[in-house]
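Colleague: Could you take a close look at one part of this model for me, namely its aromatic rings, and explain them in connected sentences that a first-year student can follow?

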Amino acid sequence: MTASSGENSAERCSLSGLAPLEAVLFDIDGTLCDSDPLHYYAFRELLQELGYNNGVPITEEFFVENIAGKHNDDIAKALFPDWELERGLKFVDDKEAMFRRIAADKLKPIDGLNKLKKWIEDRGLKRAAVTNAPRDNAELMISILGLSDFFEAVILGDDCPHAKPHPDPYLKALEVLKTSKDHTFIFEDSVSGITAGVAARVPVVGLTTRNPEELLMKAKPTLLIKNYDDPKLWAALEELDKKRGTDALRA
């Protein structure tokens with residue numbers, strides 16, 4: 001499948017079968033905010049200090065393939081296969097602390113997020129954030145974005161038997177919110193996250209915040225959008241609203 005044909009098939013997919021919609025689940029990094037450049041910067045700088053890759057800075061392609069969207073345990077194992085896990089996790093913890101230091105002044109919401117937030121609130125939908133990020137990172141980002149009162153639950157990969165790309169975090173979110181996978185959808189921006197949502201059998205709307213469309217399409221999202229202002233998203237939501245109204249009239 002080519003990138004263009006993948007995009008077209010995603011555009012034709014519908015969310016209307018989820019009516020009446022009950023809940024919307026969000027990843028955080030790259031989904032609520034464009035945080036990947038900050039993570040990339042922190043990893044690149046600290047890895048260079050170590051002399052990683054013979055001192056050659058990691059590339060964005062390396063970051064996307066080996067780091068973005070993954071749980072810190074998996075990142076530590078991928079970056080330092082010859083190290084004891086505890087040592088690798090110490091490095092990743094130092095990187096997270098660096099990320100938090102620079103995030104406060106630089107994090108911005110994905111375009112259209114506030115519009116989508118109002119749409120969700122106006123319909124009284126349940127919502128949760130589901131992330132592989134450490135709790136300190138997750139809470140900081142949600143707070144900076146002014147979403148502390150928006151989310152009813154924050155589900156961490158660390159809270160589950162397995163983090164993304166396993167479905168466990170999304171299954172736990174459905175359980176906590178007491179909602180059905182048949183009336184819920186997910187926003188995600190990484191292959192790891194989309195894979196987790198699809199494995200949980202919940203439709204996933206993928207965002208092309210930083211990751212290439214052709215890469216995201218391999219994980220089989222229901223829909224692929226640029227940001228929350230994307231007309232494709234609002235056409236899908238309008239269709240969902242119409243289906244809800246039709247079903248209500250029939251009831």
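**The aromatic rings and the nonpolar core**

Modeller: Please keep in mind that this is a predicted model. I will begin with F185, which touches L15, L18, L21, A23, V24, L25, V202, P203, V205, L237 and L240, leaving aside residues up to four places away in sequence. F185 belongs to the largest nonpolar core, which has 41 residues, and together with F26, L116, F187 and Y228 it is among those that touch the most other members. Several elements give two or more residues to this core, including the strands β1 (23–26) and β4 (184–188) and the helix α11 (231–250), and α11 provides the largest share, five residues. In soluble globular proteins, nonpolar side chains tend to be buried together.

Turning to the rings themselves, the count comes to 14 aromatic pairs. One of these pairs is formed by F43 and F63, whose centres are 6.4 Å apart and whose planes make an angle of 55°, so that the pair is classed as tilted because its angle is neither under 30 degrees nor over 60. Since F43 lies in helix α2 (residues 36–50) and F63 in helix α3 (residues 60–66), the pair ties together parts that are 20 residues apart in sequence. Both of these residues, F43 and F63, are buried, and they belong to one aromatic cluster that also holds Y40, Y52, F62, F80, W83 and F91. Two arginines lie over rings of this cluster's members: R44 is over the face of Y40, at 5.3 Å from the ring centre, while R87 is over the face of W83, at 3.6 Å from the ring centre.

Methods: Residues are numbered from 1 along each chain as its sequence is written. This is a predicted model: local features need pLDDT of at least 70, side-chain atom pairs count only at pLDDT 80 or more; totals for chains, interfaces and linings use all residues. Side-chain values use heavy atoms; hydrogens and water are left out. A nonpolar core is a set of buried Ala, Val, Leu, Ile, Met, Phe, Trp, Tyr and Cys residues joined through side-chain atoms within 4.5 Å. Buried means under 20% relative accessible area, exposed over 50%, partly exposed in between (1.4 Å probe, protein chains only). Helices (H or I, at least four residues) and strands (E, at least two) are DSSP runs, numbered from the N terminus. Contact means heavy atoms within 4.5 Å. Rings of Phe, Tyr and Trp (its six-membered ring) pair if their centres lie within 6.5 Å; planes under 30 degrees apart count as stacked, over 60 as edge-to-face and the rest as tilted. A charge sits over a ring if NZ of Lys or CZ of Arg is within 6 Å of the ring centre and within 35 degrees of the ring normal.
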